[in-house]
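Look through this model one region at a time. Keep the sequence beside you as you read.

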Amino acid sequence: MKRIIYLSLCACLLTSCSLDLQPENGLTYSNSFNTEKELNATTTSIQYYINTTVGNNYDFATAGVLADNILDGKQLREWNPRTVITSEYSWKGFYDIIFESNLLLDNIDRTKDLSPERRNYHVGQAEFGLGLSYFLLAQRYGDAIITENSSVIKPYQQSSQEQVLAAAIEHAKKAYDVLPTWDKLTDLNGNAITNRQTASKGTATALLAQIYAWKGSVTELYHLKGNAQEDYQNAVKYATELIDNKVGSYQLCASPEVLCTYLSNEKSPNPEAIFSLYFDKTRSENVVSPNEIAQNYVSWPVREDQTLADLTSSTTYQLYKSTVETLFPDTTDKRLQAFFYQWGTQHDVDGTDYAIMYKFRKAIFDPDQYSPSGKSYRTVDADYVYWRLADIYLLRAECNQKLGNEAQAIADLNVIRNRAGALSYPSTYDTEGLKKAIFLEREKEFIGENDARYADIIRNGYVKEELQGKFKVLTNQDIQNGALFLPLPKDAWQDKDGHVINNQLRQKPYWQAYN
Amino acid sequence: MWDYFKGDKYNWQLLCEMAERADLVSVFQGTSQYGKNFTFFGPTSNSIRRYLYANGMDKVSDIPVADCKKFILDCLLPGKRVMLDDFKEGVKSTDPSTPVGKGGEMLTMASGKQLWVYSFRESYNGVAHAGPLQIYLVSPSTTKTSHVASCNIETLTGVVHSLDYNFTPGDF
């Protein structure tokens with residue numbers, strides 16, 4: 001009997017209690033991913049950082065945008081090395097996206113009761129965030145850091161362009177595999193998501209097409225290891241999926257006029273937009289549109305508090321009518337009437353005739369009793385449509401032309417020409433060949449809308465002819481040494497007091513001379 | 001008014017040279033058809049210098065006589081002395097189709113040119129209507145707004161309101 005009691009006592013002592021304490025008054029990684037609502041906070045962070053970082057491309061926008069006179073950043077536009085080195089640029093925004101995405105992926109397994117579709121949604125947002133960030137890092141900085149995950153903090157070494165682009169492709173492909181098409185996107189309450197910033201299968205496909213087109217071009221430009229032709233084939237493949245509506249339904253707007261009404265947020269959602277940075281008007285009363293390019297072109301009459309004469313002193317990017325006439329020699333092109341205010345009427349300021357940008361037609365004003373006009377201008381009312389279907393058509397045409405498939409390239413070019421009501425290629429105005437015609441079509445289509453021109457110029461090798469200032473005299477050695485990329489940002493290897501925190505990083509050889 | 005201009009070389013010397021060239025000295029002396037009670041919105045020497053530089057000229061005698069006459073008569077409001085408080089208050093235009101806003105008054109200058117003139121009381125330290133009263137002239141043809149820097153300069157033959165240094169002849 002004693003033995004039985006003794007044995008049962010021992011058995012009782014062999015049970016254990018759980019020593020895992022959940023902190024009840026603090027947020028830690030172990031207790032803040034339990035429900036989907038908590039997980040969603042990280043997903044929203046990824047979206048917020050994408051929204052505030054991707055559109056911020058001041059240096060390359062100033063250098064590449066099509067304008068005759070700019071009010072601000074003239075030396076930067078000429079790529080004066082000392083101006084570039086001291087200007088404002090940082091890759092912190094991208095690493096915020098990367099951190100939040102890695103955080104989500106590292107901790108999603110803690111979330112209970114997550115259905116497979118919801119898991120795919122969240123994983124897709126994180127993988128898209130990673131793919132997009134690594135792509136833009138490779139595009140703007142060349143060599144960048146690939147972090148292991150969200151918890152290891154150490155002085156990382158830089159990875160080469162090829163490695164960063166490979167990482168971008170890997171994550172973009174994962175996003176492509178798990179995300180649904182845009183019409184099936186729902187938030188955690190089951191409501192449909194209508195903004196085009198949230199990643200869908202189509203967004204990931206567009207990202208893949210862009211990465212491959214860029215990768216092929218830089219493989220040739222920088223003599224990297226890789227097969228440029230294969231990259232172009234892949235770009236064509238993904239572009240075709242988008243155009244054939246296999247990864248979501250996207251259509252070109254019926255005409256340039258209709259396109260402008262969608263771009264000006266008068267109707268929504270834009271059927272042609274694949275990836276847009278959403279203008280979140282509810283964020284605060286001071287929020288401005290993420291499209292800084294559109295903001296910089298805006299003038300009278302969209303600025304109701306100004307007159308035409310104020311254009312020369314307040315509009316940052318100014319276009320002469322003669323430049324637009326040279327860009328659009330074909331007068332049947334409906335884009336002239338749609339993109340420019342009262343095309344055909346003279347808009348003379350101090351003896352020069354200006355073209356008035358009219359793609360973005362609505363502005364937001366705050367009532368202001370102190371201002372002479374009773375209202376003060378805050379921002380243009382527009383999302384930043386980063387990639388739209390016309391971009392994909394022209395990207396496919398560009399890659400096909402590089403592969404030698406001229407017939408397919410011409411077909412795509414003509415789709416855009418026909419939508420614009422212009423003469424098909426080849427017309428009497430197409431005097432510089434197919435490659436240049438496709439590049440000029442991109443200029444015409446996206447003028448005053450986004451910052452893509454710099455990247456378009458790099459992909460096509462038009463640095464010396466289309467850019468200005470020091471770009472025209474860069475030697476091949478300068479380009480190989482990183483002149484076309486931004487320098488390594490100071491906050492990557494120094495803290496705010498100037499102490500070196502990462503001694504594994506090296507400035508690019510071209511910029512080393514100006515450090 | 002002519003003696004006043006002659007007395008302040010820094011601000012008015014080039015205007016005097018223009019008046020001499022266009023044979024309009026008598027206007028400022030009060031012996032012309034415009035009499036002794038008119039209002040003059042004066043372009044200063046800095047403004048005229050900017051005009052010379054923008055047009056590749058070196059001195060006032062390079063400006064054609066007809067232009068000198070036009071620039072001076074564009075700024076002359078005949079009939080009466082209009083002081084700061086006599087200008088009608090107005091608000092800048094918020095309608096992009098016209099540069100003319102609410103209030104103010106359309107005035108016809110001696111050359112026949114019409115200008116929309118209004119006064120507006122600015123804010124001070126964030127308080128509306130607590131600041132100075134400013135005079136603005138808007139030209140419907142060039143849509144430019146010009147601002148008066150110093151007003152109510154009373155002379156024996158009329159009132160001068162000097163246009164600020166940012167004005168360029170031809171803005172009207």
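In this predicted model, strand β8(B) gives the largest share of the lining of the second largest pocket, three residues. The second largest pocket holds about 540 Å³ of space. Its lining has 24 residues. Nearest its centre lie Asp310(A), Ser313(A), Lys144(B), Thr145(B) and Ser146(B). Both chains thus appear in that list. Four elements give two or more residues to this lining. Chain A offers α13 (311–314), while chain B offers β6 (114–121), β7 (133–138) and β8 (145–155). By class, the lining has eight nonpolar, nine polar and seven charged residues.

Now turn to the contact between the two chains. Chain B brings 15 residues to it, and chain A brings 14. Together the chains bury about 1,300 Å² between them. Carbon and sulfur atoms carry 56% of that area. Which residues of chain B lose the most area to chain A? They are Lys92(B), Thr94(B) and Pro96(B). Together these three account for 39% of what the chain B side buries.

Next comes the largest pocket. About 660 Å³ of space lies in it. It is lined by 20 residues, and Tyr95(A), Thr147(A), Ile153(A), Lys154(A) and Tyr156(A) are the closest to its centre. Helix α6 (92–107) of chain A gives the largest share of the lining, six residues. Helix α22 (490–493) of chain A also supplies at least two. The lining of the largest pocket counts eleven nonpolar, five polar and four charged residues.

Pockets are open, but cavities are closed off. The structure holds nine cavities of 30 Å³ or more. The largest cavity has a volume of about 240 Å³. It has 19 lining residues. Gln139(A), Tyr386(A), Asp451(A), Ala452(A) and Ala455(A) lie nearest its centre. In chain A, the elements that give two or more residues to this lining are α7, α9 (201–221), β8 (384–388) and α19 (453–460). The lining divides into nine nonpolar, four polar and six charged residues.

The second largest cavity has about 110 Å³ of space. Its lining includes Val65(A), Leu66(A), Tyr297(A), Arg442(A) and Ala452(A). Ala452(A) also lies among the residues nearest the centre of the largest cavity. Helices α18 (434–446) and α19 of chain A each supply at least two lining residues. The largest share, three residues, comes from α18(A). The lining of the second largest cavity has six nonpolar, two polar and four charged residues.

Helix α19(A) has now come up twice. Why is α19(A) described as largely enclosed by the rest of the structure? Eight of its eight residues are buried, so the rest of the structure largely encloses it. Among them are Arg453(A), Asp456(A) and Arg459(A), alongside Ile457(A) and Ile458(A). What covers the buried residues of α19(A) includes α3 (58–64), α7, α9, α16 (389–403), α18 and α20 (463–466) of chain A. Gly461(A) follows the helix, with a positive phi near 70°.

Now look at the nonpolar cores. In soluble globular proteins, nonpolar side chains tend to be buried together. The largest nonpolar core here has 145 residues. Within it, Trp91(A) and Phe340(A) touch the most other members. Helix α7 (residues 116–141) of chain A gives this core its largest share, eleven residues. Apart from this core lies another, of 47 residues, among them Phe38(B), Leu76(B), Leu77(B) and Val117(B).

Phe340(A) deserves a second look. Leaving aside neighbours within four places in sequence, its contacts include Leu319(A), Val324(A), Phe328(A) and Ile356(A). Arg335(A) is also in contact with Phe340(A). So is Ile447(A), which also helps to line the second largest cavity.

Finish in chain B, with Ser47(B). This residue is found in helix α4 (residues 45–54) of chain B. Is Ser47(B) buried or exposed? Its relative accessible area is 0%, so Ser47(B) counts as buried; the cut-off is under 20%. Not counting residues up to four places away in sequence, Ser47(B) touches Asp164(B), Tyr165(B), Phe167(B), Thr168(B) and Pro169(B).

Terms used: Residues numbered from 1 in each chain as written. Chains lettered and ligands numbered in written order. Predicted model: local features only at pLDDT ≥ 70, side-chain atom pairs only at ≥ 80, totals over all residues. Heavy atoms only, no water. Core = buried A, V, L, I, M, F, W, Y, C linked by side-chain atoms within 4.5 Å. Buried < 20%, exposed > 50% of the residue type's maximum accessible area, 1.4 Å probe, protein only. Contact = heavy atoms within 4.5 Å. 1 Å grid on protein atoms, 1.4 Å probe; cavity = no way out; pocket = protein on both sides within 12 Å on 5 of 7 lines; lining within 4 Å. Points joined across faces, edges and corners; volume = space filled by probe spheres on them. Nonpolar A, V, L, I, M, F, W, Y, C, P; charged D, E, K, R; others polar. Buried area = accessible area lost by both parts, 1.4 Å probe.
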